[in-house]
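Hi,

Here's the structure I promised to pass on. Have a look at it first, and my notes on what turned up are just below.

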Amino acid sequence: MSDSPQALRDLHNATVAATALLAAFAESIGEDAEAIQITVESETDFSDAAERVLYRLGEIKTLMLAIDQQVELIQARKSRLALQQVRLRTALASAIEHLGLKRFETASATLTIKALPRKAKIVDFSLLPPRYWRTPPPKPDLSLISAEVKSGVSIPGVELDNGGQTLQITYS
C-alpha cells in the first residue's frame with residue numbers, strides 16, 4: 001500500500017468504519033458470550049468485520065427458522081393435548097353420570113356435573129337478519145392510498161414519507 005495522504009485517509013476511514021461496525025455488532029449481540037468472543041478475536045479490517053456480521057446474520061436466520069419449526073411442533077402438541085383434555089373430561093363426566101351421581105370427591109378434587117345455561121345456536125346463517133351480524137372495523141387500504149398519492153392524488157390526512165434506506169444483501 002502506498003503511504004500517500006489519500007491512501008492513509010482511506011485506511012483510516014476503513015478502520016473507523018470497521019470499528020463502528022464491530023461496536024454495533026457487539027452491542028446487538030448483548031450477553032451472547034460466544035458471539036462476544038468472536039467479535040473480540042475478529043479482525044479490524046472492514047471487509048473482515050463485514051464478513052463476521054454476514055456470518056452472524058446467517059446464523060440468526062438459521063436459528064429463527066429452527067425456532068419457527070419448534071413453535072409449529074409445540075403448537076401441534078398443544079392441539080393434541082387440548083383434544084386429550086376434552087376427551088378425558090368427557091370420559092370423567094360420563095363415568096360420573098353412569099354411576100348416577102352429580103358430585104364425586106377424590107383426594108385432589110371435587111367433580112361436579114353442572115347444567116349449562118341455554119344459548120342460541122345458529123342453524124341457517126343465510127336466514128339471519130343483518131342486524132345480528134358484526135362487521136370488523138374498516139381498515140385503510142394502504143396499497144391503494146400509496147399508489148394514488150404517488151400518482152399525485154391529494155388525500156386528506158395522508159402525506160408521503162421520506163422513504164428511507166435498507167441494506168440489500170446478495171450472497172454470492
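Glu105 and Arg103 form a salt bridge, with 3.3 Å between their closest N and O atoms. Bear in mind that this is a predicted model. Glu105 has a relative accessibility of 52%, so it counts as exposed, the cut-off for that being over 50%.

How many salt bridges does a search of the whole structure find? Two. The other one joins the side chains of Arg56 and Glu59, at 3.0 Å from N to O. Both residues belong to helix H3, and because they are three residues apart there, about one helical turn separates them. On accessibility, Arg56 is buried, with a relative accessible area of 15%, while Glu59 is partly exposed at 25%.

Next, the pocket, which may be of interest for your own work. The largest pocket comes out at a volume of about 220 Å³. On the H3 side of the numbering, its lining includes Arg89, Thr90, Leu92, Ala93 and Ile96. Further along the chain, Thr110, Leu111, Thr112 and Ile113 also line the pocket. Which elements supply at least two residues each of that lining? Helix H3 (46–98) and strand E2 (110–112) do. H3 gives the largest share, with five residues. By residue class, the lining of this pocket splits into five nonpolar, three polar and one charged.

One more residue to look at in H3 is Ser94. Is Ser94 buried or partly exposed? At 40% relative accessibility, Ser94 counts as partly exposed. The C-alpha atom of Ser94 is 9.5 Å from that of Ile113, with the two residues 19 apart along the chain. Ile113 is also one of the residues lining the largest pocket.

Last, the aromatics. The structure has one aromatic pair. It is made by Phe125 and Trp133, whose ring centres are 6.0 Å apart. Why is the pair called tilted? The ring planes of Phe125 and Trp133 sit at 50° to each other, and since under 30 degrees would count as stacked and over 60 as edge-to-face, the pair is tilted. As for accessibility, Trp133 counts as partly exposed, at 45%.

That's everything I have for now. Shout if anything is unclear.

Cheers

Notes. Residues are numbered from 1 along each chain as its sequence is written. This is a predicted model: local features need pLDDT of at least 70, side-chain atom pairs count only at pLDDT 80 or more; totals for chains, interfaces and linings use all residues. Side-chain values use heavy atoms; hydrogens and water are left out. Rings of Phe, Tyr and Trp (its six-membered ring) pair if their centres lie within 6.5 Å; planes under 30 degrees apart count as stacked, over 60 as edge-to-face and the rest as tilted. Buried means under 20% relative accessible area, exposed over 50%, partly exposed in between (1.4 Å probe, protein chains only). On a 1 Å grid over the protein atoms alone, a cavity is a set of points where a 1.4 Å probe fits but cannot get out, and a pocket is an open set with protein on both sides within 12 Å along at least five of seven lines; lining residues have an atom within 4 Å of a point. Grid points are joined across faces, edges and corners, and a volume is the space filled by probe spheres set on the points. Helices (H or I, at least four residues) and strands (E, at least two) are DSSP runs, numbered from the N terminus. Ala, Val, Leu, Ile, Met, Phe, Trp, Tyr, Cys and Pro count as nonpolar, Asp, Glu, Lys and Arg as charged, and the others, Gly among them, as polar. A salt bridge is a side-chain nitrogen of Lys or Arg within 4 Å of a carboxyl oxygen of Asp or Glu.
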